[in-house]
Amino acid sequence: MPELPEVETVVSILKKNVIGKIIKNISILYPNLIKTDILVDEFKNTLINKTILDITRIGKYIIFDLGDYVLISHLRMEGKWFYINDLSLVSEKHIEAIFSLDNGYYLIYDDTRKFGTFNLELKDEYKKINPIVKIGPEPFNEAVNGIYLFELMSKSNKYIKTILLDQTKISGIGNIYADEILFDAKIHPESKTNKLSLNAYNNIYESSKKILRRAIELGGSTISTYKAGHGISGKFQNELKVHLRKNEPCFVCKTNIIKIKVNGRGTYICSNCQILY
Ligand SMILES: [Zn+2]
C-alpha cells in the first residue's frame, strides 16, 4: 500500500511529465472509481479540454489542479498512475481510466484491487468537504510538534500505533512507517496514548519527520505490495529497521525482531529496544 513517501514520489513524477498538458479525451472503464455523485459523461465533459495546471498532495490524496476544478485521486491498496505513449505497454485488464493528452501521451489510472477513488470537486470548495476536510495535518506541518501530539493524543487510551495510523489525527503515516517511527522513538506500539509523556511525544514527532523525510529522499519503499510506476522503485526498503524483518537481529541490540498484531495490523518490533508504557 502506498504511503506518504510513495505518494509524494508519484506526485513528483507526474509533475515532471504532465503539467501544462491538455486533456483531450477520457475513457472511464470502471465507473465505480468515481465517488463524486456525477454521471460519467458529466465527469468527462467537465475535464475534457482542461489543462493540468499543477499536481499536489494532501495526506495520501493526489490533487490535480484543473483550473476551476480539482481531480482528487487516492491510490488505496494498489492504484498506480502511468504516463505512456503506447497503450500496449500496460495490461488492459486493470486499467480503470485513460486520459489522452494533447502531446499524444496517455495518463492511465490502473488498479488491480479496484479500491482507489476519484473525486471531482470545485477548487474553491474541496478543502472544506470530504474527503479532504477530514485529513489531519502532516508531521511536516508548522502547527505540529511534540506538544501538539501530546494534547491531541494523550486524552484517549488507544494504542499509540493505532492513533498514528488514524489519518484524521495526523496524516501520512501508514503501517510501514508507523513501525519504523516507533522503533526509532524506542516506544512499543501497544503503549497506551494516555501513558506516554510529553517527552515520548517529542520523540515520536522527531522520529516521524526524520523517517518520512528520509523515505521521501529515497523515493519511498518498493516492497511486494507496492510499486510507484513503470520502472520506478524506491530505495527506502533497504533502510527498514524493523518492518518485514521478523526473526532477523535488531540492528541496535541483536534481539530478534518479532511480528505481532496491533488492532489487526501486522507490526514488527524489537521487544528489547521498544519500551511498553
Ligand atoms: Zn533492539
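This tour proceeds from the two domains of the chain to their interface and then to one strand and its neighbours. The model is predicted.

**The two domains**

Begin by colouring residues 4-134 as domain 1 and residues 146-269 as domain 2, following the domain assignment of the chain. The centres of domain 1 and domain 2, taken over C-alpha atoms, are separated by 29 Å.

**The interface**

Next, display the residues at which the domains meet: 20 residues of domain 1 are in contact with 18 residues of domain 2. Between domain 1 and domain 2 an area of about 1500 Å² is buried, and carbon and sulfur atoms give 67% of that area. Within domain 1, select Leu 4, Pro 5 and Glu 6, which lose the most area to domain 2 and together account for 34% of what that side buries.

A search for salt bridges across the interface of domain 1 and domain 2 finds zero. For polar contacts, the count between domain 1 and domain 2 is one residue pair, with both residues at pLDDT 80 or more. Now show α1 (4-18) and β5 (79-84), the elements that give two or more residues to the side of domain 1 that touches domain 2. Of the elements on that side, α1 gives the most, with seven residues.

**Strand β3**

Move to residues 61-65, which form strand β3. Five of the five residues of β3 are buried, so this strand is largely enclosed by the rest of the structure. Turn on the side chains of β3: Tyr 61, Ile 63 and Asp 65 point one way, whereas Ile 62 and Phe 64 point the other way. Residues of both groups are buried.

**The neighbour on the β2 side**

Add strand β2, residues 54-58, which pairs with β3 in the antiparallel sense over five bridges. Which residue of β3 is the bridge partner of Ile 55? Selecting Phe 64 shows the partner in question. Then follow the hairpin of β2 and β3, where two residues lie between the strands. Gly 59, in this turn, has a positive phi of about 55 degrees.

**The neighbour on the β4 side**

Finally, select strand β4, residues 69-74. Strands β3 and β4 run antiparallel and are joined by five bridges. To locate one of these pairings, highlight Ile 63 together with Ile 72, its bridge partner in β4. The hairpin of β3 and β4 has three residues between the strands. In this hairpin, Gly 67 takes a positive phi near 95 degrees.

Definitions and conventions
Residues are numbered from 1 along each chain as its sequence is written. This is a predicted model: local features need pLDDT of at least 70, side-chain atom pairs count only at pLDDT 80 or more; totals for chains, interfaces and linings use all residues. Side-chain values use heavy atoms; hydrogens and water are left out. Buried means under 20% relative accessible area, exposed over 50%, partly exposed in between (1.4 Å probe, protein chains only). Helices (H or I, at least four residues) and strands (E, at least two) are DSSP runs, numbered from the N terminus. Two strands pair if DSSP finds at least two bridges between them. Domain bounds come from an automatic or database domain assignment. Contact means heavy atoms within 4.5 Å. Buried area is the accessible area (1.4 Å probe) that two parts lose on being put together, summed over both. A salt bridge is a side-chain nitrogen of Lys or Arg within 4 Å of a carboxyl oxygen of Asp or Glu. A polar contact is a pair of N or O atoms within 3.5 Å; within protein, one must be able to donate a hydrogen and the other to accept it, and residues adjacent in sequence count only if both atoms are side-chain atoms.
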